Amino acid sequence: ANVTLTISNEVNLTGAVDGIKVPSKTTLTIDGDGKLTVIGSNGSGIGNDGNITIKNLTIQEARGIGDHAFGIGGNNANVTIQNATINYACGGHIQPLFVNDKKYGKSEPEGGAGIGGINIKIEGSTITKVDGGSKAAAIGAQYHQSTEIKIKNSTIGEANGGNASAGIGGSRYASGISESNKQEAKILIEDSNIKAYGGQFAAGIGSGYDTHCRANDKNAINNIIIKNSTIVAQGGQYAAGIG
């Protein structure tokens, strides 16, 4: 079903798996003038592959815990944040560096983005801090996924990508990208104030590296437009600030 939650006071939710599950083809709208904390015990905070709109309220924390867990969103989610304040959001397995496999990271856990999905719109909002989980961007995509991000009239105080993943944008490119399976990080930042830091081998704003060193393939695409904004963007090891 499509659901609207109106938060008018201080509400804390902890799910047995996801904090609030938003399945594919459903819509969740959260609004109000209250404060919300959502934690997934073994899943996403507010997540899955549906449509998620957050407007007007304050989210104190949205935390995903475990494999493929997003703070807000999911691989195929559409996430809209309007006139809201998010003090903290994070995906599962927060890990900006490779720990178990420092060269390629293949044995590292697979987390999720702090705020992630196939389409992300942030407008008129303040996000104080957001952390990407292992192999996932802070704001953007989990590994091997495309994403389109539009940030307008907003402030992002600190966006920290997980290992192989951008602060804002994509994660590592898949080795099997092709004409029929392109991977793109499409990013528009306008009239905003942004600080973004890439995880190991990843850009501050852009994407992470390709395990098989094919990131210059024509089907691996970064499309980044920045207008009238103040940007701090720092890449991880061997990575660009923007790109």
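Among contacts (heavy atoms within 4.5 Å) between residues at least 6 apart in sequence, 76% join residues at least 24 apart in the protein chain. This is a predicted model: local features need pLDDT of at least 70, side-chain atom pairs count only at pLDDT 80 or more, and totals for chains, interfaces and linings use all residues. Residues are numbered from 1 along each chain as its sequence is written, and side-chain values use heavy atoms, with hydrogens and water left out.

The protein chain has zero helices and 25 strands. Both are DSSP runs numbered from the N terminus: helices are H or I with at least four residues, strands E with at least two. The radius of gyration, taken over C-alpha atoms, is 16 Å. The globule rule (2.2 Å times the number of residues to the power 0.38) gives 18 Å for 243 residues, a close value, so the chain is as compact as a globular protein of that length. The C-alpha trace spans about 50 × 40 × 30 Å along its principal axes.

Now the interior. Of the 243 residues, 52% are buried, meaning under 20% relative accessible area with a 1.4 Å probe, protein chains only. The largest nonpolar core (buried Ala, Val, Leu, Ile, Met, Phe, Trp, Tyr and Cys joined through side-chain atoms within 4.5 Å) holds 38 residues. Ile-46, Ile-54, Ile-72, Ile-115, Ile-139 and Ile-168 touch the most other members. Strand β21, residues 183-190, gives the most to this core, with three residues.

Take Ile-115. Not counting residues up to four places away in sequence, Ile-115 touches residues including Ile-72, Val-79, Ile-120 and Ile-139.

Note on methods:
Buried means under 20% relative accessible area, exposed over 50%, partly exposed in between (1.4 Å probe, protein chains only).
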